[in-house]
Amino acid sequence: MFNSQAPNPDDLPTSAQLVKSTVISVVAAAALLVTVVMPSEYGIDPTGLGSTLGLTEMGEIKTQLSDEAERDRQIDQNQPASLDQGAGSATGTAPVEGSSLLDRIIREFGVSSAHAQEAPRQDEMSITLQPGEGAEIKLVMIKGAKANYAWTANGSKVNFDTHGDGGGESISYEKGRGVAEDSGVLEAAFDGNHGWFWRNRTGDPVTVTLKTDGAYSDIKRMM
């Protein structure tokens, strides 16, 4: 039988060393919590370092997605069963939104307040939403830029949220439930991405067609 040799007491850490190591670990954990975890997960940046590292915007995006999932859950609970027939619940659709989070963050960080205003342009995009599916199209705009828009659900209805985000800021311009179409002028409140999020809460596929023209440098589907 093999008997291991007892350690030499002189090789063991002293009580003072253990206390010192514990204090250092606690301080390091607290520093990481304030400078990394809070900005990247919750958009809370008490030191300002999160904004410098680009973590605060990441946390704001996560918070927005979380709030949207909660709104969808509440809508599911309040809507008649016929509207949700065949539609995924908020829990069912969340992985789709989460799976595109990294791509969305990369696109968001690519927006710079230094965008030069390009000549007015005109675009048309169509997206087909399956029951329970959501999608987002945004225009890259500078503060004060305006774009005319008109979208239609082509005979059906969708829930929508017109909003903007970028540079650590976010804004909601307009929201609606069970809307067949909408049009107007979108004026950017700050430099960033401004546009529309639609979700299909019917039991059949819905095609949304968006037409835009005005002062924006790019149009892109975010998710």
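Is Arg 121 buried, exposed or partly exposed? Select Arg 121 in this predicted model. At 26% relative accessibility, Arg 121 counts as partly exposed. The tour comes back to this residue further on.

**Whole chain**

Color the chain by pLDDT first. The mean is 76, and 62% of the residues reach 70 or more. Now select residues 80–102, where the pLDDT is below 50. The model gives this stretch 33 contacts beyond near neighbours in sequence. Residues 108–117 also stay under 50, with 21 contacts beyond four places in sequence. Where pLDDT is low, the predicted coordinates should not be read in detail.

Switch to a cartoon view. The chain has five helices and nine strands. Starting at the N terminus, the order is α-α-α-α-α-β-β-β-β-β-β-β-β-β. Of the 223 residues, 38% count as buried. Of the contacts between residues at least 6 apart in sequence, 76% join residues at least 24 apart. A surface display shows about 12300 Å² exposed, with carbon and sulfur atoms supplying 56% of that area.

**The five-stranded sheet**

Next, show the open sheet of five strands, whose order is S5-S4-S7-S2-S9 with antiparallel pairing. Its edges are strand S5 (169–179) and strand S9 (218–221), each of which pairs on one side only. From one strand to the next, the twist averages 15 degrees.

Select strand S7, residues 192–199. Eight of the eight residues of S7 are buried, so this strand is largely enclosed by the rest of the structure.

Add strand S4 (residues 158–166), which pairs with S7 in the antiparallel sense over seven bridges. Two positions are worth labelling here. Asp 165 has Asn 193 in S7 as its bridge partner, and His 163 stands opposite Gly 195 in S7.

Then add strand S2 (residues 134–141), which pairs with S7 in the antiparallel sense over eight bridges. On this side, Met 141 stands opposite Gly 192 in S7.

**A loop residue**

Move to the loop between strand S3 (146–152) and S4, and select Asn 154. Its phi is positive, about 55 degrees, although Asn 154 is not a glycine. Most residues other than glycine have a negative phi. At 47% relative accessibility, Asn 154 counts as partly exposed, because the exposed class begins over 50%.

**Salt bridges**

How many salt bridges does a search of the whole structure find? The search finds three.

Return to Arg 121 and show its side chain together with that of Asp 123. The two form a salt bridge, with the closest N and O atoms 2.8 Å apart. Arg 121 is partly exposed, whereas Asp 123, at 18% relative accessibility, counts as buried.

Now select Lys 138 and Glu 136. Their side chains meet in a salt bridge at 3.2 Å, N to O, and both residues are buried.

Keep Lys 138 and add Asp 165, the residue labelled earlier opposite Asn 193. The side chains of Lys 138 and Asp 165 meet in a salt bridge at 2.2 Å, N to O. Lys 138 lies in strand S2 and Asp 165 in strand S4, so the pair ties together parts that are 27 residues apart in sequence. Lys 138 counts as buried at 0% relative accessibility, and Asp 165 counts as buried at 5%. Select Glu 136, Lys 138 and Asp 165 together to end the tour: salt bridges that share partners join these three residues into one network.

Technical notes
Residues are numbered from 1 along each chain as its sequence is written. This is a predicted model: local features need pLDDT of at least 70, side-chain atom pairs count only at pLDDT 80 or more; totals for chains, interfaces and linings use all residues. Side-chain values use heavy atoms; hydrogens and water are left out. pLDDT is the predictor's confidence in each residue, from 0 to 100. Contact means heavy atoms within 4.5 Å. Helices (H or I, at least four residues) and strands (E, at least two) are DSSP runs, numbered from the N terminus. Buried means under 20% relative accessible area, exposed over 50%, partly exposed in between (1.4 Å probe, protein chains only). Accessible areas come from the Shrake-Rupley method with a 1.4 Å probe; for residues, only the protein chains shown count as cover. Two strands pair if DSSP finds at least two bridges between them. Axes are lines fitted to C-alpha atoms, for helices over the stretch in contact, and angles run from 0 to 180 degrees between N-to-C directions. A salt bridge is a side-chain nitrogen of Lys or Arg within 4 Å of a carboxyl oxygen of Asp or Glu.
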